[in-house]
Amino acid sequence: MDILNFVWWIGIGHAGTLISAILLLLRQKWRTSINRFAEAMTLFAVAQAGMYPIMHLGRPWLAYWLFPYPNTMGIWPQFRSPLMWDVFAVSTYATVSAMFWFVGLIPDFATLRDRARSKPWQILYGLLAMGWRGSARHWHRYEMAYLLLAGLATPLVLSVHTIVSFDFAVGVIPGWHATMFPPYFVAGAIYAGFAMVLLLTIPLRKLYGLEGFITMRHMHNMAKVMLATGLIVGYGYVMEAFFGWYSGNRYERYMVWNRMHGPYAGYYWALIICNIVTPQFLWIKKVRSNLLVLWLICIVVSIGMWLERFVIVVTSLHRDFVPSSWGMYQPSVWDWTMFLGTIGFFFTLLFLFIRFLPMISIFEMRTILPEAEVEE
Amino acid sequence: MADEPHNLDPAHHTTHPVVAPELTFASVTDKISSIVLKRKTPLWWFLGFGISFILFQLLLLTITNLLFVGIGLWGVTFPWPGGWTF
């Protein structure tokens, strides 16, 4: 269950950088109201994901062995292991996302520093603002740094889940060994990530009265991205079944049959309903405009994406090449407590974030206001 | 049909605005910074944070237990990847 939760959290962590970096480079103005929040969500989700491989080692206190550090024994990590690739992919993604998030916050920290009434908050926000004065030189350097970080983060959106998909694709287990996995996983990650952004944005928008900042345009756009990526994911499911049949490989064919008719068939059909059938309602404008229905669809998609990872991991492993190793998997109580615990940790960080940091970028919001338009 | 003229009515093509038109520089700064700087924290925040924090303690409990018991906690009784419980 560790590996599927790891993939689920990493997937959720994708939307933030996509919204921040890729939509910035594409000059999409609508990203501005949600980018800060989505970036924070990315960081917190990646933090949860990063815990799983470490706990999964069984000896978490030796996790530093995964890094290629100089040591007297001359021991080097196994670079052919996908676990190693994950270490580099996830740590790079987390580092760049954190830098991008922090750099984006600097002008807003300065605003908070200038507006805070109590001395401790002035000092704290002042330290975080790193001496920002808003001079032309500051803005010039800032814009350059932000754009460069966006350029750096953009390929990472694609690379991280590609590497995560390699965890499976380099294995010979039926159902895993497929060249389609990288794009299929990246689309699934964006799909799950946007579902989570909407899941959190809809109630927060209402509770804080941010309807003027996060408008229905955002809701429609995010729903459309979900619909598009959901269709790619659906194509992936169809292709998985097709490859199983077309390969002529009896193990691959059995894997597909086992998914659809085996002991875990209920999970498979539930994920089809959650991930393929339910999002089709997003074609309808009335559904996209009804925030309660949209929110419920996002919950269904989030559950569906968890089920997808469960099906990929468990149905392939529980009946592999050797019948003597066949069996049934039931997560233990401690698997569930760990999963629920990471959800708790994620929301704890998120609640602290919305209380103590500006969840919408103040200075970027100003740039898209009608007031900011310059007549030429 | 190809011969039919396109609907040139601007209202036909209107989409939702990116932000509410009444927002100004000052109102944006006031609204967002007030969420962070105002003293009174809403009750729902405490409720949400409290539930999340309790769940978070479950994670700490699990990790502590894992450190004491080892991977047998997941039902692993032999050194085979995946942590299967047969």
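This passage describes the domains, the core and the chain interface of a predicted two-chain model. Residues are numbered from 1 along each chain as its sequence is written, and chains are lettered from A, with ligands numbered from 1, in the order in which they are written. Local features need pLDDT of at least 70, side-chain atom pairs count only at pLDDT 80 or more, totals for chains, interfaces and linings use all residues, and side-chain values use heavy atoms, with hydrogens and water left out.

Chain A is assigned domain 1 (1–170 + 332–376) and domain 2 (174–329). These bounds come from an automatic or database domain assignment. The C-alpha centres of domain 1 and domain 2 of chain A are 23 Å apart. Domain 1 of chain A brings 37 residues to the contact and domain 2 of chain A brings 32 residues, where contact means heavy atoms within 4.5 Å. About 3,200 Å² is buried between domain 1 and domain 2 of chain A, with 82% of it on carbon and sulfur atoms. Buried area here is the accessible area (1.4 Å probe) that two parts lose on being put together, summed over both.

Zero salt bridges are found across the interface of domain 1 and domain 2 of chain A; the rule asks for a side-chain nitrogen of Lys or Arg within 4 Å of a carboxyl oxygen of Asp or Glu. Seven residue pairs, both at pLDDT 80 or more, are in polar contact between these domains. A polar contact is a pair of N or O atoms within 3.5 Å; within protein, one must be able to donate a hydrogen and the other to accept it, and residues adjacent in sequence count only if both atoms are side-chain atoms. On the domain 1 side, two or more residues each come from α1 (2–12), α2 (14–25), α3 (35–56), α6 (136–169) and α13 (333–356) of chain A. Helix α6(A) gives the most to this side, with eight residues. Helices (H or I, at least four residues) and strands (E, at least two) are DSSP runs, numbered from the N terminus.

The largest nonpolar core has 143 residues. Such a core is a set of buried Ala, Val, Leu, Ile, Met, Phe, Trp, Tyr and Cys residues joined through side-chain atoms within 4.5 Å. Buried means under 20% relative accessible area, exposed over 50%, and partly exposed in between (1.4 Å probe, protein chains only). A:Trp9, A:Met226 and A:Met359 have the most contacts inside the core. Helix α7 (residues 181–207) of chain A gives the most to it, with 17 residues. Domain 1 and domain 2 of chain A both give residues to this core, so it lies between them. Beyond four places in sequence, A:Met359 touches residues including A:Phe37, A:Leu204, A:Phe353 and B:Ile35.

Chain B has three helices and zero strands. Of its 86 residues, 31% count as buried. In chain B, 47 residues are in contact with 66 residues of chain A. The two chains bury about 5,200 Å² between them, 73% of it on carbon and sulfur atoms. One salt bridge is counted between chain B and chain A. It joins the side chains of A:Arg115 and B:Asp30 (2.2 Å, N to O). Twelve residue pairs, both at pLDDT 80 or more, are in polar contact between the chains. On the side of chain B that touches chain A, α2 (25–37) and α3 (43–69) of chain B each supply at least two residues. Helix α3(B) gives the most to this side, with 16 residues.
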